[in-house]
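Please open the model in your viewer and keep the selection panel at hand. The tour goes from stop to stop, saying at each one what to select and what is found there.

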Amino acid sequence: MSKPKVFVSRIIPDAGLDRVKEACAADIWQERLPSSYDVLLERVQGVEGILSVLTERIDAKLMDAAGPQLKVISQMAVGYDNIDIAAAKERGIPVGNTPGVLTEATADLAFTLLLAGARRIVEGSNYIREGKWETWEPKTLLGADVTGATLGIIGFGRIGKAFAKRAAGFDMRILAYSPSLTAEDAKQAGAKAVDMETLLRESDFVSIHTPLNAKTRHLMNKERLALMKPTALLINTARGGVVDQKALYEALKNGEIGGAALDVTDPEPLPLDSPLLGLPNVTIVPHIGSATIQTRDRMASMAAANLIAGVRGEPLPNAVG
Ligand code: NAP
Ligand code: GLV
(Lines give C-alpha, C1' and ligand atoms only; values in the text may rest on other atoms or scores of the structure.)
(Ligands and ions follow the chains in the order given, each with its own letter.)
Protein backbone atom coordinates (compact mmCIF):
# COMPACT_ATOMS: atom_id res chain seq x y z
CA MET A 1 0.00 0.00 0.00
CA SER A 2 1.36 3.44 -0.85
CA LYS A 3 2.17 5.81 1.97
CA PRO A 4 -0.07 8.85 2.54
CA LYS A 5 1.29 12.11 1.10
CA VAL A 6 2.00 14.81 3.64
CA PHE A 7 3.64 18.22 3.65
CA VAL A 8 6.00 19.18 6.47
CA SER A 9 6.49 22.94 6.51
CA ARG A 10 9.96 22.98 8.14
CA ILE A 11 12.79 20.62 9.03
CA ILE A 12 11.73 19.57 12.53
CA PRO A 13 13.85 17.51 14.97
CA ASP A 14 14.50 13.89 13.94
CA ALA A 15 12.50 12.66 16.94
CA GLY A 16 9.44 13.61 14.89
CA LEU A 17 10.73 13.75 11.33
CA ASP A 18 11.94 10.14 11.32
CA ARG A 19 8.50 8.95 12.43
CA VAL A 20 6.83 11.01 9.71
CA LYS A 21 9.20 9.71 7.02
CA GLU A 22 8.61 6.13 8.08
CA ALA A 23 4.82 6.38 7.98
CA CYS A 24 4.26 8.89 5.18
CA ALA A 25 5.50 10.06 1.79
CA ALA A 26 6.72 13.38 3.10
CA ASP A 27 7.41 16.52 1.11
CA ILE A 28 9.58 18.53 3.50
CA TRP A 29 10.28 22.24 3.08
CA GLN A 30 14.06 22.35 3.19
CA GLU A 31 14.82 26.05 3.60
CA ARG A 32 15.69 27.78 6.86
CA LEU A 33 13.10 30.49 6.20
CA PRO A 34 9.42 29.61 5.74
CA SER A 35 7.94 29.33 2.27
CA SER A 36 5.78 32.15 0.98
CA TYR A 37 2.04 31.65 1.29
CA ASP A 38 1.75 31.24 -2.51
CA VAL A 39 4.36 28.49 -2.59
CA LEU A 40 2.62 26.83 0.34
CA LEU A 41 -0.64 26.84 -1.63
CA GLU A 42 1.08 24.85 -4.37
CA ARG A 43 2.99 22.47 -2.15
CA VAL A 44 -0.03 21.31 -0.16
CA GLN A 45 -2.03 20.28 -3.23
CA GLY A 46 -3.11 16.67 -2.93
CA VAL A 47 -1.70 16.00 0.54
CA GLU A 48 -3.55 14.12 3.26
CA GLY A 49 -1.74 15.79 6.11
CA ILE A 50 0.06 19.04 6.87
CA LEU A 51 2.60 19.36 9.67
CA SER A 52 2.90 23.08 10.32
CA VAL A 53 4.79 25.43 12.60
CA LEU A 54 3.57 28.79 13.86
CA THR A 55 4.99 30.87 11.00
CA GLU A 56 2.58 29.34 8.48
CA ARG A 57 -0.82 30.85 7.77
CA ILE A 58 -3.19 27.91 7.51
CA ASP A 59 -6.50 29.36 6.38
CA ALA A 60 -9.59 28.23 4.47
CA LYS A 61 -7.97 29.01 1.10
CA LEU A 62 -5.01 26.82 1.94
CA MET A 63 -7.21 23.97 3.14
CA ASP A 64 -9.17 24.17 -0.13
CA ALA A 65 -5.94 24.35 -2.14
CA ALA A 66 -4.86 21.10 -0.47
CA GLY A 67 -8.11 19.46 -1.54
CA PRO A 68 -10.91 17.39 -0.04
CA GLN A 69 -8.56 14.50 0.81
CA LEU A 70 -6.86 16.62 3.51
CA LYS A 71 -7.37 14.68 6.74
CA VAL A 72 -5.30 16.45 9.36
CA ILE A 73 -3.38 19.60 10.26
CA SER A 74 -0.77 18.96 12.91
CA GLN A 75 0.86 22.01 14.46
CA MET A 76 4.22 21.69 16.20
CA ALA A 77 3.31 24.26 18.90
CA VAL A 78 0.72 24.63 21.60
CA GLY A 79 -0.51 27.97 20.22
CA TYR A 80 -2.51 27.75 17.00
CA ASP A 81 -3.53 31.33 16.26
CA ASN A 82 -2.02 30.91 12.76
CA ILE A 83 -4.66 28.29 11.93
CA ASP A 84 -8.29 29.04 11.08
CA ILE A 85 -9.82 26.51 13.44
CA ALA A 86 -13.40 27.32 12.39
CA ALA A 87 -12.53 26.68 8.74
CA ALA A 88 -10.91 23.36 9.65
CA LYS A 89 -13.97 22.39 11.67
CA GLU A 90 -16.32 23.27 8.82
CA ARG A 91 -14.31 20.98 6.58
CA GLY A 92 -14.12 18.20 9.16
CA ILE A 93 -10.32 18.45 9.41
CA PRO A 94 -8.98 17.77 12.92
CA VAL A 95 -6.18 20.03 14.13
CA GLY A 96 -3.47 18.77 16.48
CA ASN A 97 -1.15 20.75 18.73
CA THR A 98 1.54 20.02 21.34
CA PRO A 99 0.33 21.09 24.80
CA GLY A 100 2.09 20.19 28.03
CA VAL A 101 5.48 19.10 26.71
CA LEU A 102 6.69 22.69 26.43
CA THR A 103 5.10 24.03 29.61
CA GLU A 104 8.20 23.83 31.81
CA ALA A 105 10.62 25.16 29.20
CA THR A 106 8.36 28.13 28.47
CA ALA A 107 7.83 28.88 32.16
CA ASP A 108 11.61 28.70 32.63
CA LEU A 109 12.13 31.22 29.85
CA ALA A 110 9.44 33.52 31.24
CA PHE A 111 11.14 33.46 34.64
CA THR A 112 14.50 34.06 32.97
CA LEU A 113 13.00 37.17 31.38
CA LEU A 114 11.58 38.29 34.71
CA LEU A 115 14.99 38.01 36.38
CA ALA A 116 16.82 39.49 33.39
CA GLY A 117 14.48 42.48 33.31
CA ALA A 118 14.49 42.98 37.08
CA ARG A 119 18.26 42.83 37.30
CA ARG A 120 19.02 44.60 33.99
CA ILE A 121 21.13 41.74 32.70
CA VAL A 122 21.20 42.77 29.03
CA GLU A 123 21.98 46.38 29.95
CA GLY A 124 24.77 45.17 32.23
CA SER A 125 26.24 42.99 29.52
CA ASN A 126 26.10 45.84 27.01
CA TYR A 127 27.66 48.16 29.60
CA ILE A 128 30.78 46.02 29.65
CA ARG A 129 30.97 45.62 25.88
CA GLU A 130 30.63 49.39 25.49
CA GLY A 131 33.67 49.92 27.73
CA LYS A 132 31.68 51.63 30.50
CA TRP A 133 32.74 49.34 33.39
CA GLU A 134 35.35 51.44 35.16
CA THR A 135 34.69 50.59 38.79
CA TRP A 136 32.15 49.18 41.25
CA GLU A 137 29.52 51.86 41.77
CA PRO A 138 27.00 52.25 44.59
CA LYS A 139 24.20 53.55 42.34
CA THR A 140 24.76 52.13 38.88
CA LEU A 141 22.57 49.50 37.19
CA LEU A 142 20.27 49.18 40.17
CA GLY A 143 17.39 46.85 39.50
CA ALA A 144 14.34 45.68 41.43
CA ASP A 145 13.99 43.09 44.17
CA VAL A 146 12.29 39.91 42.97
CA THR A 147 12.09 38.11 46.29
CA GLY A 148 8.93 39.13 48.09
CA ALA A 149 7.60 41.22 45.20
CA THR A 150 4.05 40.91 43.85
CA LEU A 151 3.61 39.00 40.61
CA GLY A 152 0.49 39.16 38.43
CA ILE A 153 -0.13 36.27 36.05
CA ILE A 154 -2.62 36.86 33.25
CA GLY A 155 -3.73 33.51 31.81
CA PHE A 156 -3.52 30.95 34.59
CA GLY A 157 -3.38 27.78 32.51
CA ARG A 158 -0.58 25.25 32.14
CA ILE A 159 2.26 27.73 31.62
CA GLY A 160 0.83 30.37 33.97
CA LYS A 161 0.66 27.82 36.79
CA ALA A 162 4.16 26.48 36.06
CA PHE A 163 5.39 30.07 36.19
CA ALA A 164 3.71 30.50 39.59
CA LYS A 165 5.66 27.49 40.92
CA ARG A 166 8.91 29.20 40.08
CA ALA A 167 7.71 32.45 41.65
CA ALA A 168 6.81 30.61 44.86
CA GLY A 169 10.49 29.74 45.22
CA PHE A 170 11.19 33.46 45.36
CA ASP A 171 8.55 34.04 48.04
CA MET A 172 6.54 36.18 45.66
CA ARG A 173 2.96 37.18 46.36
CA ILE A 174 1.11 35.76 43.37
CA LEU A 175 -2.06 37.25 41.87
CA ALA A 176 -3.75 35.49 38.98
CA TYR A 177 -6.44 36.24 36.44
CA SER A 178 -8.17 33.98 33.90
CA PRO A 179 -11.83 34.23 32.87
CA SER A 180 -12.81 30.91 34.44
CA LEU A 181 -10.37 30.89 37.37
CA THR A 182 -11.92 30.14 40.75
CA ALA A 183 -10.54 31.23 44.11
CA GLU A 184 -10.00 27.56 45.01
CA ASP A 185 -8.10 26.73 41.78
CA ALA A 186 -5.86 29.73 42.28
CA LYS A 187 -5.24 28.87 45.93
CA GLN A 188 -4.21 25.33 45.04
CA ALA A 189 -1.58 26.79 42.74
CA GLY A 190 -0.33 29.18 45.43
CA ALA A 191 -2.03 32.24 43.97
CA LYS A 192 -4.89 34.59 44.73
CA ALA A 193 -7.58 35.00 42.06
CA VAL A 194 -8.24 38.67 41.39
CA ASP A 195 -9.80 40.79 38.67
CA MET A 196 -7.57 42.18 35.99
CA GLU A 197 -7.62 45.73 37.34
CA THR A 198 -6.46 44.67 40.82
CA LEU A 199 -3.78 42.51 39.27
CA LEU A 200 -2.44 45.36 37.16
CA ARG A 201 -2.57 47.94 39.95
CA GLU A 202 -0.87 45.79 42.60
CA SER A 203 1.79 43.86 40.69
CA ASP A 204 5.48 44.64 40.46
CA PHE A 205 5.76 42.09 37.63
CA VAL A 206 2.99 41.18 35.19
CA SER A 207 3.40 38.08 33.03
CA ILE A 208 1.11 37.13 30.15
CA HIS A 209 0.25 33.48 29.41
CA THR A 210 -2.96 33.59 27.37
CA PRO A 211 -3.55 32.26 23.88
CA LEU A 212 -3.93 34.84 21.10
CA ASN A 213 -7.49 35.03 19.81
CA ALA A 214 -10.13 37.64 19.03
CA LYS A 215 -10.74 38.24 22.76
CA THR A 216 -7.10 38.56 23.78
CA ARG A 217 -5.77 40.62 20.85
CA HIS A 218 -4.44 43.86 22.39
CA LEU A 219 -5.62 42.72 25.82
CA MET A 220 -2.77 44.85 27.14
CA ASN A 221 -3.84 48.15 25.61
CA LYS A 222 -3.09 51.77 26.53
CA GLU A 223 -5.72 51.81 29.30
CA ARG A 224 -4.55 48.58 30.94
CA LEU A 225 -0.87 49.52 30.67
CA ALA A 226 -1.77 52.78 32.42
CA LEU A 227 -3.06 50.79 35.40
CA MET A 228 0.36 49.24 35.99
CA LYS A 229 2.80 50.67 38.51
CA PRO A 230 5.36 53.05 36.97
CA THR A 231 8.06 50.68 38.21
CA ALA A 232 6.42 47.45 37.01
CA LEU A 233 7.89 45.07 34.43
CA LEU A 234 5.70 43.46 31.76
CA ILE A 235 6.76 39.98 30.64
CA ASN A 236 5.25 38.46 27.51
CA THR A 237 5.92 34.90 26.39
CA ALA A 238 2.39 34.37 24.99
CA ARG A 239 2.00 36.07 21.61
CA GLY A 240 3.04 39.54 20.47
CA GLY A 241 -0.51 40.39 19.44
CA VAL A 242 -1.78 40.16 23.02
CA VAL A 243 -0.01 43.47 23.65
CA ASP A 244 -0.70 46.68 21.74
CA GLN A 245 2.94 47.25 20.89
CA LYS A 246 2.53 50.92 19.99
CA ALA A 247 0.88 51.56 23.35
CA LEU A 248 3.64 49.55 25.02
CA TYR A 249 6.30 51.70 23.39
CA GLU A 250 4.58 54.89 24.54
CA ALA A 251 4.15 53.55 28.09
CA LEU A 252 7.83 52.60 28.27
CA LYS A 253 9.08 55.82 26.74
CA ASN A 254 6.93 57.97 29.00
CA GLY A 255 7.87 56.08 32.16
CA GLU A 256 4.31 54.83 32.72
CA ILE A 257 5.74 51.36 33.29
CA GLY A 258 9.23 50.36 34.33
CA GLY A 259 10.21 47.92 31.60
CA ALA A 260 9.29 45.02 29.36
CA ALA A 261 10.82 41.62 28.75
CA LEU A 262 9.51 39.97 25.62
CA ASP A 263 9.90 36.61 23.94
CA VAL A 264 7.21 37.45 21.39
CA THR A 265 6.53 40.55 19.31
CA ASP A 266 4.13 41.75 16.67
CA PRO A 267 5.26 41.22 13.98
CA GLU A 268 7.88 38.51 14.18
CA PRO A 269 10.66 38.97 13.40
CA LEU A 270 10.69 42.42 14.98
CA PRO A 271 11.97 44.87 12.34
CA LEU A 272 15.40 46.27 13.21
CA ASP A 273 13.99 49.79 13.05
CA SER A 274 11.36 49.05 15.71
CA PRO A 275 11.45 51.88 18.27
CA LEU A 276 11.29 49.24 21.03
CA LEU A 277 14.87 48.29 20.21
CA GLY A 278 16.00 51.81 21.06
CA LEU A 279 14.76 51.59 24.65
CA PRO A 280 17.20 50.47 27.34
CA ASN A 281 14.44 49.10 29.57
CA VAL A 282 13.33 46.46 27.05
CA THR A 283 14.74 42.95 26.89
CA ILE A 284 13.78 41.04 23.75
CA VAL A 285 14.59 37.49 22.69
CA PRO A 286 13.45 35.84 19.43
CA HIS A 287 10.52 33.60 20.42
CA ILE A 288 12.59 30.92 22.14
CA GLY A 289 10.16 29.91 24.90
CA SER A 290 10.15 26.23 23.96
CA ALA A 291 13.66 26.20 22.51
CA THR A 292 15.42 23.45 24.40
CA ILE A 293 16.71 20.31 22.73
CA GLN A 294 14.56 17.99 24.82
CA THR A 295 11.40 20.09 24.53
CA ARG A 296 11.65 20.49 20.76
CA ASP A 297 12.19 16.72 20.46
CA ARG A 298 9.02 16.11 22.46
CA MET A 299 7.07 18.65 20.41
CA ALA A 300 8.26 17.11 17.13
CA SER A 301 7.39 13.63 18.31
CA MET A 302 3.92 14.72 19.44
CA ALA A 303 3.29 16.57 16.18
CA ALA A 304 4.33 13.47 14.25
CA ALA A 305 1.99 11.31 16.32
CA ASN A 306 -0.92 13.68 15.61
CA LEU A 307 -0.12 13.76 11.90
CA ILE A 308 0.18 10.00 11.57
CA ALA A 309 -3.01 9.33 13.52
CA GLY A 310 -4.83 11.88 11.36
CA VAL A 311 -3.79 10.44 8.01
CA ARG A 312 -4.81 7.01 9.28
CA GLY A 313 -8.23 8.37 10.20
CA GLU A 314 -7.62 7.72 13.90
CA PRO A 315 -8.38 10.19 16.72
CA LEU A 316 -5.47 12.57 17.31
CA PRO A 317 -3.58 12.05 20.59
CA ASN A 318 -3.80 15.84 21.10
CA ALA A 319 -6.55 17.59 19.20
CA VAL A 320 -7.44 21.26 19.53
CA GLY A 321 -10.92 21.95 20.85
P1 NAP B 1 -3.53 27.01 28.43
O2 NAP B 1 -3.19 25.94 29.38
O3 NAP B 1 -4.70 26.83 27.53
O4 NAP B 1 -3.70 28.37 29.25
C5 NAP B 1 -4.20 29.54 28.70
C6 NAP B 1 -4.84 30.34 29.79
O7 NAP B 1 -5.22 31.61 29.27
C8 NAP B 1 -6.11 29.70 30.39
O9 NAP B 1 -6.01 29.71 31.77
C10 NAP B 1 -7.22 30.63 29.92
O11 NAP B 1 -8.24 30.76 30.88
C12 NAP B 1 -6.47 31.95 29.84
N13 NAP B 1 -7.19 32.93 29.05
C14 NAP B 1 -7.93 32.77 27.93
N15 NAP B 1 -8.49 33.93 27.56
C16 NAP B 1 -8.09 34.84 28.47
C17 NAP B 1 -8.35 36.23 28.64
N18 NAP B 1 -9.15 36.89 27.79
N19 NAP B 1 -7.80 36.86 29.70
C20 NAP B 1 -7.01 36.20 30.58
N21 NAP B 1 -6.75 34.88 30.48
C22 NAP B 1 -7.27 34.22 29.43
O23 NAP B 1 -2.32 27.31 27.46
P24 NAP B 1 -0.75 27.17 27.74
O25 NAP B 1 -0.28 25.82 27.35
O26 NAP B 1 -0.49 27.67 29.11
O27 NAP B 1 -0.18 28.19 26.63
C28 NAP B 1 -0.57 29.54 26.65
C29 NAP B 1 -0.06 30.27 25.43
O30 NAP B 1 1.33 30.47 25.55
C31 NAP B 1 -0.20 29.52 24.10
O32 NAP B 1 -1.49 29.67 23.55
C33 NAP B 1 0.86 30.15 23.24
O34 NAP B 1 0.33 31.22 22.51
C35 NAP B 1 1.87 30.66 24.24
N36 NAP B 1 3.15 29.92 24.18
C37 NAP B 1 4.27 30.58 23.82
C38 NAP B 1 5.47 29.90 23.80
C39 NAP B 1 6.74 30.61 23.41
O40 NAP B 1 7.60 29.98 22.83
N41 NAP B 1 6.88 31.86 23.76
C42 NAP B 1 5.54 28.54 24.11
C43 NAP B 1 4.37 27.91 24.48
C44 NAP B 1 3.16 28.61 24.51
P45 NAP B 1 -9.66 30.03 30.76
O46 NAP B 1 -9.35 28.58 30.93
O47 NAP B 1 -10.41 30.64 31.88
O48 NAP B 1 -10.19 30.39 29.40
C1 GLV C 1 5.07 28.46 20.83
O2 GLV C 1 5.01 29.64 20.77
C3 GLV C 1 3.95 27.61 21.01
O4 GLV C 1 2.82 28.10 20.98
O5 GLV C 1 4.17 26.40 21.17
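The stops below cover the two ligands, a loop residue, the nonpolar cores and some backbone features, and the model is a predicted one.

**Ligand 1**

Begin by selecting ligand 1 together with its shell of 26 residues, among which Arg-158, Ile-159, Ser-180, Thr-237 and Asp-263 are the closest. If you display the backbone of Arg-158, you will find one of its N or O atoms 2.9 Å from an oxygen atom of the ligand. At Ser-180 it is the side chain that should be shown, since an N or O atom there lies 2.5 Å from an oxygen atom of ligand 1. Turn next to Thr-237, where a backbone N or O atom is placed 2.9 Å from a nitrogen atom of ligand 1. Taken alone, ligand 1 would expose 930 Å², and the protein buries 83% of that area. Colouring the shell around ligand 1 by residue class gives 10 nonpolar, 13 polar and 3 charged residues.

**Ligand 2**

Now select ligand 2, and with it Leu-54, Ala-77, Val-78, Gly-79, Leu-102, Arg-239 and His-287, which surround it. Three distances can be drawn here. One runs from a backbone N or O atom of Gly-79 to an oxygen atom of ligand 2, at 2.8 Å. Another joins a polar side-chain atom of Arg-239 to an oxygen atom of the ligand, at 2.7 Å, and a further one, also listed at 2.7 Å, links a side-chain N or O atom of His-287 with an oxygen atom of ligand 2. On its own, ligand 2 has 190 Å² of accessible area, of which the protein covers 89%. The shell of ligand 2 is made up of 4 nonpolar residues, 2 polar ones and 1 charged one.

**Asn-82**

Select Asn-82 next, in the loop that runs between strand E4 (72-75) and helix H4 (85-90). Is Asn-82 buried or exposed? Its relative accessible area is 12%, so Asn-82 counts as buried, the cut-off being under 20%. Show the side chain of Asn-82 and two partners appear: a polar atom of that side chain lies 3.2 Å from the backbone oxygen of Val-53, and the side chain also makes a polar contact of 2.8 Å with the side chain of Gln-75. Leaving aside residues up to four places away in sequence, Asn-82 touches Val-53, Leu-54, Glu-56, Arg-57, Ile-58 and Gln-75.

**The nonpolar cores**

For the next view, select Met-220, Leu-225, Met-228, Leu-234 and Leu-248, the residues with the most contacts inside the largest nonpolar core, which has 29 residues. Helix H9 (196-202), strand E9 (205-208), helix H11 (245-253) and strand E11 (259-262) each supply at least two residues of this core, and the largest share, 5 residues, comes from H11. Centre on Leu-225 and, apart from residues up to four places away in sequence, you will see that it touches Met-220, Leu-234, Ala-247, Leu-248, Ala-251 and Ile-257. A second, separate core has 27 residues, including Phe-111, Leu-114, Ile-159 and Ala-261.

While you are in this part of the tour, select Ser-207, which sits in strand E9. Ser-207 has a relative accessibility of 0% and therefore counts as buried. Its contacts, again without residues up to four places away in sequence, are Leu-151, Gly-152, Ile-153, Ile-154, Phe-163 and Ile-235.

**Backbone features**

Most residues other than glycine have a negative phi, and most peptide bonds are trans. The remaining selections are departures from that pattern.

Select Asp-266 and Pro-267, which are joined by a cis peptide bond with omega of about 5°. A little further along, the bond from Glu-268 to Pro-269 is also cis, with omega near -5°. Pro-267 is found in the loop between E11 and strand E12 (282-284), and Pro-269 likewise lies in the loop between E11 and E12.

Go on to Asp-171, which has a positive phi of about 55° although it is not a glycine. Asp-171 is placed in the loop between helix H7 (158-168) and strand E7 (173-177), and it counts as exposed because its relative accessibility is 57%. Finish at His-218, another residue that is not a glycine but has a positive phi of about 55°. This residue belongs to the loop between E9 and helix H10 (222-227), and with a relative accessible area of 32%, His-218 is partly exposed.

Technical notes: Residues numbered from 1 in each chain as written. Chains lettered and ligands numbered in written order. Predicted model: local features only at pLDDT ≥ 70, side-chain atom pairs only at ≥ 80, totals over all residues. Heavy atoms only, no water. Near = heavy atom within 4 Å. Polar contact = N/O pair within 3.5 Å; in protein donor to acceptor, adjacent residues only side chain to side chain. Areas by Shrake-Rupley, 256 points an atom, 1.4 Å probe, with all protein chains shown as cover. Nonpolar A, V, L, I, M, F, W, Y, C, P; charged D, E, K, R; others polar. Helix = DSSP H or I, 4+ residues; strand = E, 2+ residues; numbered from the N terminus. Buried < 20%, exposed > 50% of the residue type's maximum accessible area, 1.4 Å probe, protein only. Contact = heavy atoms within 4.5 Å. Core = buried A, V, L, I, M, F, W, Y, C linked by side-chain atoms within 4.5 Å.
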